[in-house]
Amino acid sequence: MDHGLVKRLRSEVGDRLAAQRRLDAASGLPAMSPEDERQFARALIAQALEAHARADISAGRAPLTAMEEEELATGVHAALFGVGRLQPLLEDERIENIDINGCDRVFLGYADGREVMAEPVADSDEELVELIQALAAYSGLSSRPFDTAHPQLDLRLPDGSRLSAVMDVTLRPAVSIRRHALARCSWPTWSPTGPCCPSSRTS
């Protein structure tokens with residue numbers, strides 16, 4: 001997946017979401033519910049991908065395949081409402097342990113005993129810290145900071161997994177997520193799945 005393109009589309013769709021919020025407020029309309037906003041975002045992502053495909057064709061480049069577009073749409077939605085490249089790891093029920101030592105050193109422990117090194121989960125250590133802060137917020141801990149003044153964070157994720165993170169007291173931010181194979185549940189708060197729903201707001 002082109003993570004640079006994910007970032008660009010995430011910024012574009014995020015700007016359009018923010019503009020719609022301002023327009024709704026100025027018009028006296030009620031704020032969108034979290035689910036409505038996610039559905040609206042899916043429609044905006046589909047429009048952005050369509051525009052990207054037209055630009056590729058106009059420039060003589062081959063457009064993305066349907067599978068590539070689906071992966072890209074999921075990545076953009078996860079960047080908007082989830083935890084970016086950590087999202088698929090958290091959704092993979094085969095993974096029991098995730099150890100991250102800096103954004104580009106990611107080690108996965110599988111339930112069958114395998115241990116593998118995975119792709120980076122962020123482009124920088126600063127972005128990794130932002131992902132940890134997002135996890136804390138999605139876990140209802142927005143009042144518990146993770147920054148230079150509070151360099152350690154321990155929390156329980158919605159599926160029962162335990163997360164421990166440190167920064168500054170180590171050379172690079174480090175994250176450890178311990179999961180339990182028999183205690184799986186979904187992550188409905190920021191699940192990127194679901195059909196793209198047409199919305200009158202996109203017109």
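**Close-up 1. Helix 1 and helix 2 cross in a right-handed manner.** Welcome to the first pair: helix 1 spans residues 3-26 and helix 2 residues 34-58 (helices are DSSP runs of H or I with at least four residues, numbered from the N terminus; a crossing is right-handed if the near helix is turned clockwise from the far one by less than a right angle, left-handed if anticlockwise). This is a predicted model, where local features need pLDDT of at least 70 and side-chain atom pairs count only at pLDDT 80 or more, while totals for chains, interfaces and linings use all residues. Residues are numbered from 1 along each chain as its sequence is written, and side-chain values use heavy atoms, with hydrogens and water left out. The two helices pack at an angle of about 130°, with axes 10 Å apart (axes are lines fitted to C-alpha atoms over the stretch in contact, and angles run from 0 to 180 degrees between N-to-C directions). That angle makes helix 1 oblique to helix 2 (angles under 35 degrees count as roughly parallel, over 145 as roughly antiparallel, 65 to 115 as roughly perpendicular and the rest as oblique). Among the residues in contact (heavy atoms within 4.5 Å) are Leu5, Leu9, Val13 and Arg16 of helix 1 and Phe40, Ala41, Leu44 and Ile45 of helix 2. By class, this contact has 10 nonpolar, 3 polar and 5 charged residues (Ala, Val, Leu, Ile, Met, Phe, Trp, Tyr, Cys and Pro count as nonpolar, Asp, Glu, Lys and Arg as charged, and the others, Gly among them, as polar).

**Close-up 2. Helix 1 meets helix 3 at an angle of about 55°.** Their axes are 9 Å apart, and the two helices are therefore oblique to each other. The crossing is right-handed. Helix 1 contributes Leu5, Val6, Leu9, Arg10, Val13, Gly14 and Leu17, and helix 3 answers with Leu72, Gly75, Val76, Ala79, Leu80 and Phe81. In this contact, 10 residues are nonpolar, 2 polar and 1 charged.

**Close-up 3. Helix 2 packs on helix 3 at about 135°.** Here the axes lie 10 Å apart, and the crossing is right-handed. Contact residues include Arg38, Ala41, Ile45 and Leu49 of helix 2, together with Leu72, Ala73, Val76 and His77 of helix 3. The tally is 9 nonpolar, 1 polar and 4 charged.

**Close-up 4. The largest pocket holds about 900 Å³ of space.** Of its 29 lining residues, His3, Gly75, Gly84, Arg85 and Pro88 are the closest to its centre. Helix 1, helix 3 (66-81), helix 4 (87-91) and helix 5 (125-138) each supply at least two residues of the lining, and helix 3 gives the largest share, 7 residues. The pocket is an open set of points on a 1 Å grid over the protein atoms alone, where a 1.4 Å probe fits, with protein on both sides within 12 Å along at least five of seven lines; lining residues have an atom within 4 Å of a point. Its volume is the space filled by probe spheres set on the points, which are joined across faces, edges and corners.
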